[in-house]
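Okay, thanks for coming, everyone. Let me put the structure up on the screen, and then I'll walk you through a few spots.

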Amino acid sequence: MIKQPVRTNVSDLIKTTMGSQFVIPVYQRSYTWRPEAETARLMGDIQDLLKDRSATHFLGIIISMETDVSAMFKEIQIVDGQQRLTTSFIFLLALKRVALEHNNDNIAGMIDDYYLYNRHSSQEALLRLKPAVGNDDTFAHLYYGSYKDLDHNQKETPVYRNYDYIYRRVEEFSKSWSLVEILDTLGRLDVLSFPLSEDDNAQQIFESINSTGAPLTSSDLIRNYILMNDSSGVQERNYELYWQPLEKKIPDPARLEEFFRFYLAEKTYSLPARRDTYAAFKSWWNLSEASKEDKLRDIAANCRYYDAIYHGPCEDGDVEMALSDFRYTDSRTPAPFLLGMFDLKEKGTISGKDLARVIRLVDTYLTRRALLGLDTSMMGRYFPQLLQSVLRTFQPGNNSIYEVTKLCLVNYNRGRALAMPTDKQIRSALKETNAYSLLCIRPVLERIEHYGATAKVDTSDLNIEHIMPQHPNAWWKKNSGAKDEDEYSFYANLIGNLTLCAQYDNTRIGNEDFDYKKKVLSRTLHIRMNSGILNSPSWGIKEIRQRCETMANEIIAIYPYESAHERAKPKRQANPVILLNTPSVNARAMDRGTQGVEVLSGSSMRPYGQKEMRSMQGIYRSLMEKGVIYEDENGTVQFARSWRFTDRNRAAQFLMHRGGDNTDAWTYEDGSPLKETQAAKAGKEIREPKGDPTVVKQKNTGGKAVSSSQAAENSKSRKPHQEASVTQGHKSSHSHSASEKKTMSDPASRQKKKENPGRNDRAKKASSHRPPLKKTHPEQNKSVPKTTQPLPQASEKKMSDTRRHSGNGSSHSSRRPKTMAEKMGMKPQVDSKEIKKEEETVRKSGGASFLLQLLGRKKNHSSNS
């Protein structure tokens, strides 16, 4: 547990731990205080203390953990407060330099003996502060007074910049106050020291007590989580081998956080929200069965892939050529999928040429959608799901990774919100879309310029130019061919009116007439796309239409539409992935048969209203509280984790906010309707329980649990005439059991069935002919015998109701809801004339069973009277 916190000051904290060494662990973030911000405020506080010798200032909290290294030496790891403590030591080093320059050896010696050095310790424990690994070199130069030997890069580090700033401020203070007075201010900079024991969870405490410093990013927290609980030696080793290379490849903390989001999406097939990156990492780290060393190696390898994808170069020539084109778009959304593909190549599962083709396919998919201005909000969550589908379908040696990716990305998305636009859609869109407003227009124009070129032109300094200017002068209004301003503006922003030119030329051209523009553009003949413009005698709506068609053909050639061959379509697997796509739902699920349907993470739907589907509101609130679903910044409900529902219909009802039977809303990934599985066909009679697998439930037993063998025996022994229905138009809601279906498929059985018809056949026959009931013994009233005479139409409905409410009908019939009179305890009133009429009918038909039921109703009527 945390020991009693101690209120102390910086001077006493350092002096009372003589013989110990403060260690800034490698998992801590680098020193980040800035001279113009945090350090300037600290020096301002010190100046106030110099002006008022009785004042004190609270600097903050320092959390530390002591470790006995030897009998004479302790290591004090700083869990929190390293920025404040490091700045205090920089202040001491700057004050020592001023003292030496003022020939005050007494103050310089006091600083060395009481604050900076452990005089009688080993060389490794000589310094009172061991900074973070990244600051070692610069700090060591300052410690030993060799600041003049620092190179330009070292002088740009935060450590030196703060040292130089503090030195200049102390030099300024020394003009008004003595060096002793300046040193004395450390005794009035108060801190609250929290010493931890070895039993304390330093990581948890670090997360919960993060005081006034700059907020930690997810990458900071991940680094702490990975490295914190090891000894300092192991920490330094893992930092130098694994973490430091990460920070060198991705120095920006925000980009490093982004990398971890994509890495987790690759591993879990679900993209976590930015705010949940650290929590998702902890969950994956703890659930992974790999060793810590293997996980660190895998993170480092994926960081190399990420760097190769977005910065390059990649060692494989074919892959680098594909990536060089892909980098024009600079899209991060497919990162999880591409990381997974790079991992397959690294393991030797796919070749470099296969990977290059997959990269070009992804590039084509993204660019075609961008040219149509299609919604991109769902793309970030789609690519992890695509990776999962491809990996499930891909069978090394049996099919191509490229064909499988086309199958999942192109074929399966046809007709859906995630579809790849066709050539026809591209041509149509380019004749109607304001291309100048598209984010992808510059990389597309650059790709057109480089398409088919023997040598690529540097397009980094080129601008997009409107040939027919956006703001026309009198010449363009007269010669453009546009009827009005709206038509002019429409054609001016089509892709056929856009080109690339040098920035200087773009400024000179302005809205000058076409002949002048051609003269300027002719000076940059190396830009190939302008050759057609220079050969045109005029420029207006007609020429823009023609160029739109030409550029559409070039774009289709650069970004070809390809779909998978039918032979690439795999066989249906056990537990297939199924989809539910509507305007408000984009869901993927794993169909696990009788074990339910598992809606996968990354699925989305619209949020529930307060009064919408009250039967589902409880589930909705529960999943929100558990963090299974959450509402994103666009107001869409996302599944952060997978969740299993009892069956397809229950899942569809929840997702679509709709009651009734929605089972058919699900499809396979290729868009084909679901085939009812054997278990689903028998599911209306058989339900797999959670316990003994030999136990099933049958509706014809009222839900009573019986063994599967007993259920089969009951099915065989059931009398055929007990299944017939006498109600007009009545249809049985039962399906045949699996054993019955097998019997029905046999030719001999079908012949036997003709002689002994099943209940459906008998029901149809009874419904069409309506023969009268045969007279039976009262004990047989649980079954309905074959009939020979037609029943009167007036009595048929009442007889059906009577059988349903008497409990003697089939067990699946629904109960009639109670009337208000019955709820109040009143017996139903029956018309005596109506009963007499029914008695006459029964007497003529000889229906003893029905007569007994009517007598019961007559008795009730008599008692009411």
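So, to start: how much area does the protein chain expose, and what share of it do carbon and sulfur atoms supply? The chain exposes about 44,300 Å², and carbon and sulfur atoms supply 49% of that. Keep in mind that this is a predicted model.

Now the overall picture. We've got 38 helices and 18 strands in the protein chain. Of its 865 residues, 47% are buried. And if you take the contacts with a separation of 6 or more, 67% of them are between residues 24 or more positions apart.

Let's pick out one helix, α18, residues 379-393. Its 15 residues should span 21 Å at 1.5 Å a residue, and the end C-alpha atoms are 21 Å apart, so the two agree. This helix is mostly covered, too, with 13 of the 15 residues buried.

Over to the surface. Met18, Met110 and Tyr114 make a nonpolar patch of about 270 Å². Methionine 110 sits in helix α4, residues 105-116. It counts as partly exposed because its relative accessibility is 30%, and partly exposed runs from 20% to 50%.

Just before that helix, in the loop between α3 and α4, there's asparagine 103. Its phi is near 60 degrees, which is a positive value in a residue that isn't glycine. Asparagine 103 is at 65% relative accessibility, so it counts as exposed.

Here's one for the charge people. Which side chain of opposite charge is nearest to aspartate 307, and how far away is it? That's lysine 249, 5.5 Å away; aspartate 307 is buried and has no salt bridge. For a salt bridge we'd want the lysine nitrogen within 4 Å of a carboxyl oxygen. Aspartate 307 is in helix α14, residues 292-310. Leaving out residues up to four places away in sequence, aspartate 307 touches Lys249 and Gly312.

That glycine takes us to a peptide bond to look at. Going from glycine 312 to proline 313, the bond is cis, with omega near -5 degrees. Proline 313 is in the loop between α14 and α15.

Last stop: the loop between α15 and α16, where you'll find aspartate 330. Here phi is near 55 degrees, again positive in a residue other than glycine. With 39% relative accessibility, aspartate 330 counts as partly exposed.

Okay, that's my tour. Happy to go back to any of those spots.

Note on methods. Residues are numbered from 1 along each chain as its sequence is written. This is a predicted model: local features need pLDDT of at least 70, side-chain atom pairs count only at pLDDT 80 or more; totals for chains, interfaces and linings use all residues. Side-chain values use heavy atoms; hydrogens and water are left out. Helices (H or I, at least four residues) and strands (E, at least two) are DSSP runs, numbered from the N terminus. The expected span of a helix is 1.5 Å times one less than its number of residues. Buried means under 20% relative accessible area, exposed over 50%, partly exposed in between (1.4 Å probe, protein chains only). Contact means heavy atoms within 4.5 Å. Accessible areas come from the Shrake-Rupley method with a 1.4 Å probe; for residues, only the protein chains shown count as cover. Patches are made of residues with over 30% relative accessible area and no salt bridge: like charges are joined within 9 Å, nonpolar side chains (Val, Leu, Ile, Met, Phe, Trp, Tyr) within 5 Å. Lys and Arg count as positive and Asp and Glu as negative; His and the chain ends are not counted.
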